[in-house]
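Colleague: Could you take me through the aromatic residues of this model, and then through the nonpolar core? I would like one connected account that a first-year student can follow.

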Amino acid sequence: MELGSVSAAHGSVESGTMAGVGKCILVTGPPGVGKTTLIMRICENLKLSNPSIKLQGFYSQEIRQGGERVGFEVVTLDGRRARLASSTISSPESRQWPAVGKYKVDIASFESLVLPELKIREDTGLFIVDEVGKMELLSSYFFPAILNILQSNIPLLATVPIPKFGKDIPAVVRLKNHPGATIFTLDKSNRDAMKDRIYPQLAGMLLKP
């Protein structure tokens, strides 16, 4: 997944040519390393420094029962929730849902919440997408919405998974190869400091016309 990697203290940053259109910061790293936590901390800082900024998008969250992970849900930045996937639901409808591992993916539920959040509006300041992964990409409308954002001049902050068994998701490769993308690789040694590296770059994007 790491293309054109540039070594840095406690991690790596990979950069494209930073085109004027399609400003995009991608955060990658292994599952459970703290990508979602990092994204939300950055959002909180942005709101404190610029209370009028309009943030749109979503983040993903585990659903647990008795300490066991049984699914995932998507949550908008204003707290609305919808099911993304489940390993426990059993219904005639769910038998038709596609599977990723042991999880059945509820595409209709995902799309009903997320797609409206990815529509470009005049007052949108930044899009947050956590994450661009296998489950989300089962929606045929999801990635085109991401590409539409990249064609605008509105910055995108997104998380992407690392390659599994050395194979990267084609849509993720396309994002990483986008000329306006900068990629930050998160690990346990750099996750506390990474916010201070990403935030100034993202804040600079938001200041530009």
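Modeller: In this predicted model, Tyr103 has a relative accessible area of 6% and is therefore buried, since the cut-off for that word is under 20%. Its partner in an aromatic pair is Phe72, which also counts as buried, at 16% relative accessibility. The ring centres of Phe72 and Tyr103 are 5.2 Å apart and the planes make an angle of 65°, an edge-to-face arrangement. This pair links distant parts of the chain, because Phe72 belongs to strand β5 (residues 68–76) and Tyr103 to strand β8 (residues 103–105), with their positions 31 residues apart in the numbering.

The count of aromatic pairs comes to four. Another of them joins Phe58 and Phe110, whose centres lie 5.9 Å apart with planes at 85°, so this pair is edge-to-face. Phe58 sits in strand β4 (residues 55–65) and Phe110 in helix α2 (residues 107–117), 52 residues apart. Both are buried, Phe58 at 0% relative accessibility and Phe110 with a relative accessible area of 1%.

Phe58 and Phe110 form one aromatic cluster together with Phe142. Beyond its close sequence neighbours, Phe142 is in contact with residues including Phe58, Phe110, Leu118 and Val129. Phe142 also leads us to the largest nonpolar core, which has 34 residues and in which Leu118, Val129, Phe142 and Leu156 touch the most other members. Helix α3 (residues 142–151) supplies the largest share of this core, six residues. A second, separate core has 22 residues, among them Val27, Ile39, Ile42 and Leu77.

How values were computed
Residues are numbered from 1 along each chain as its sequence is written. This is a predicted model: local features need pLDDT of at least 70, side-chain atom pairs count only at pLDDT 80 or more; totals for chains, interfaces and linings use all residues. Side-chain values use heavy atoms; hydrogens and water are left out. A nonpolar core is a set of buried Ala, Val, Leu, Ile, Met, Phe, Trp, Tyr and Cys residues joined through side-chain atoms within 4.5 Å. Buried means under 20% relative accessible area, exposed over 50%, partly exposed in between (1.4 Å probe, protein chains only). Helices (H or I, at least four residues) and strands (E, at least two) are DSSP runs, numbered from the N terminus. Contact means heavy atoms within 4.5 Å. Rings of Phe, Tyr and Trp (its six-membered ring) pair if their centres lie within 6.5 Å; planes under 30 degrees apart count as stacked, over 60 as edge-to-face and the rest as tilted. Lists of a residue's contacts leave out its neighbours within four places in sequence.
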